Amino acid sequence: MSALQVALEKVSLVIVGGGPAGLAAALEAQRQGLPDILLIERDMQLGGILNQCIHTGFGLHYFGAELSGPEYADRFSTAVTAAGITCLLDTHVLEITPDRILTILSPQGIRKIAAGAIILAMGCRERPRGALGIPGTRCAGILTAGMAQKLLNLQGLMPGRSVVILGSGDIGLIMARRLTLEGAQVEAVVELMPYSSGLTRNVVQCLQDYEIPLLLSHTVVETHGRERLTGVTIAPVHPQSQKPDLEQSRFIACDTLLLSVGLIPENELSLGAGVRLDPATRGPRVDQSLATSQPGIFACGNVLHVHDLVDDVSLEAEQAARSAVAFLKQVPRPAPQEEGNRYRRSDPVPAIVPGSSTGQAPTLPVLAGPGIRSVVPQLVRRDLAPETIRLAFRPARVYRSASICLRDDHGQLVLKSQRRILTPGEEARLEIPASHWPDPVTSHWQLSIEV
Ligand SMILES: Cc1cc2nc3c(=O)[nH]c(=O)nc-3n(C[C@H](O)[C@H](O)[C@H](O)COP(=O)(O)OP(=O)(O)OC[C@H]3O[C@@H](n4cnc5c(N)ncnc54)[C@H](O)[C@@H]3O)c2cc1C
């Protein structure tokens, strides 16, 4: 049989990605009684990005213990293996169609799988140098902070001796400390914004404790060096226009520039499946059940929105799994084929459940109002049983002593929560109790920050 004529296999639930989101989703789906679950991971091992995060700080909320990344991942991957959940490693999902047919590639070849439901858990990737447009040669010594972390923590390779870090995202902050502990000189962390884009605890524990300078409202305007980086020119930027003041630029000698300038959810597969994305999060638009715009396709973890804490990823993934199992219970399962667990491409796709994630269900949009950069979920399904809705959102700037306000389309206050500090570096949350369920005439909710 040629690669183009591969038989179609059938699985109830396929989970794409074996990081913390995929692992927690697989375990929860099994706890919900689903027998056939397939988890697909392109790497050679389960655990996702956690495998290279050898620092502690994971699991404080979920396990009540301070674990390293590999320890946190190991608790889940051991449970997944013990539960007998089928995991395909070294296997790439190449394509997902809107009718939930996956094309996967492994050393054994190409397979096609028809899934009753799919959970997207592909994580995110780092913004590369090309996205920044910094003038300079393409010399060695310029790499993303995550790549440096992988080289150092997984392969024992030191990326450089004197380092400047552009961007104060968590990976950059953690690498500043890690490189210092390994004997490198971290000259400065240079941040475009007037605030750090990482967690406060990381600014304190990774920079201040090691006296590493954090230069806010600064950027790198040029890199120098032919074979290897010899230094960077930095300059202060105007807080509003963010234009660099070149007259105040200065040279910092260094052999390595690490980029920690943001993460991009990996949604190429989602787009191919016809899933609608939110321009603010760059992840799928979802309702409170984490259903995307495509029926039977759910999303969780960093592919949905960039999380600060893995504990939140695990809890969100469990919600996605419960929703996927509920979806499968409503959808008539295709009759088994004679040849074992297979059906043909021409077989009808399971019917769309009325009121599922198809866009046919009555929904209430949740809008990001003044002060809010992004909010998840973006929709509330009115036909689901009222329960606590957890909004995750990023403030657009730093606020001190501010209120998070949820208002209806008439500007009436639905819920208000006072916060001491809100910063874009820390994803914030607002719980809306079931008692505040929207009435049928409300056309939307808007979340905003008011001072
Ligand atoms: C440097 C760093 C430090 C951090 N520090 C902390 C911390 O101290 N405390 C904390 O709580 N959190 C921390 N986090 C955050 C936490 O690690 C992440 O939120 C979490 O790993 C996200 O989980 P995920 O499963 O969504 O994504 P990932 O861990 O990225 O997993 C996604 C998986 O999907 C796979 N995949 C992608 N596409 C495909 C495909 N097409 N086919 C098959 N497989 C695919 C990938 O190979 C990967 O294994 C840190 C993150 C980083 C990067």
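Let's start with a single side chain: Arg381 sits at 7% relative accessibility, so it counts as buried, the cut-off being under 20%. This is a predicted model, so keep that in mind as we walk through it. Arg381 has a partner in Asp383, and the two form a salt bridge whose closest N and O atoms are 2.7 Å apart. Asp383 is a bit more of a halfway case: its relative accessibility is 36%, so it counts as partly exposed.

Now zoom out for a moment to see where that pair belongs. The chain splits into three pieces: domain 1 covers 3–125 + 264–356, domain 2 covers 128–261, and domain 3 covers 372–450. Arg381 and Asp383 therefore fall within the bounds of domain 3, 372–450.

There's another salt bridge to look at, this one between the side chains of Arg429 and Glu427, with N to O at 2.8 Å. Here the arginine is the partly exposed partner, because Arg429 comes in at 30% relative accessibility. Glu427, at 15%, counts as buried. Moving on from this pair, salt bridges that share partners tie Glu28, Arg31, Glu318 and Arg322 into one network.

Let's take one link of that network, the salt bridge between the side chains of Arg322 and Glu28, at 3.3 Å from N to O. What makes it fun to trace on the structure is the sequence separation: Arg322 is in helix 7 (residues 310–330), Glu28 is in helix 1 (residues 20–31), and the two are 294 residues apart, so the pair links distant parts of the chain. Arg322 is partly exposed, with a relative accessible area of 34%, whereas Glu28 counts as buried at 7%. As for the background chemistry, side chains of opposite charge can pair when their charged atoms come close. Over the whole model, the rule counts 16 salt bridges.

So how many salt bridges does the rule find across the interface of domain 1 and domain 2? Zero. What the rule does find across that interface is four residue pairs in polar contact, with both residues at pLDDT 80 or more. On the domain 1 side, the residues that touch domain 2 break down by class into four nonpolar, four polar and one charged.

Some geometry for the same pair of domains: the C-alpha centres of domain 1 and domain 2 lie 34 Å apart. Nine residues from domain 1 and 11 residues from domain 2 take part in the contact. Between them the two domains bury about 820 Å², with 55% of that on carbon and sulfur atoms. Which residues of domain 1 lose the most area to domain 2? They are Gln52, Ile54 and His55, and together they account for 60% of what that side buries.

One last stop is Ser270, which you'll find in helix 6 (residues 268–272). Is Ser270 buried or exposed? Its relative accessibility is 1%, so it counts as buried. The side chain of Ser270 makes a polar contact with the side chain of Asn267, at 2.5 Å. If you set aside neighbours within four places in sequence, Ser270 is in contact with Leu120, Met122, Val275 and Leu277.

Definitions and conventions: Residues numbered from 1 in each chain as written. Predicted model: local features only at pLDDT ≥ 70, side-chain atom pairs only at ≥ 80, totals over all residues. Heavy atoms only, no water. Contact = heavy atoms within 4.5 Å. Buried area = accessible area lost by both parts, 1.4 Å probe. Salt bridge = Lys/Arg side-chain N within 4 Å of Asp/Glu carboxyl O. Polar contact = N/O pair within 3.5 Å; in protein donor to acceptor, adjacent residues only side chain to side chain. Nonpolar A, V, L, I, M, F, W, Y, C, P; charged D, E, K, R; others polar. Helix = DSSP H or I, 4+ residues; strand = E, 2+ residues; numbered from the N terminus. Buried < 20%, exposed > 50% of the residue type's maximum accessible area, 1.4 Å probe, protein only.
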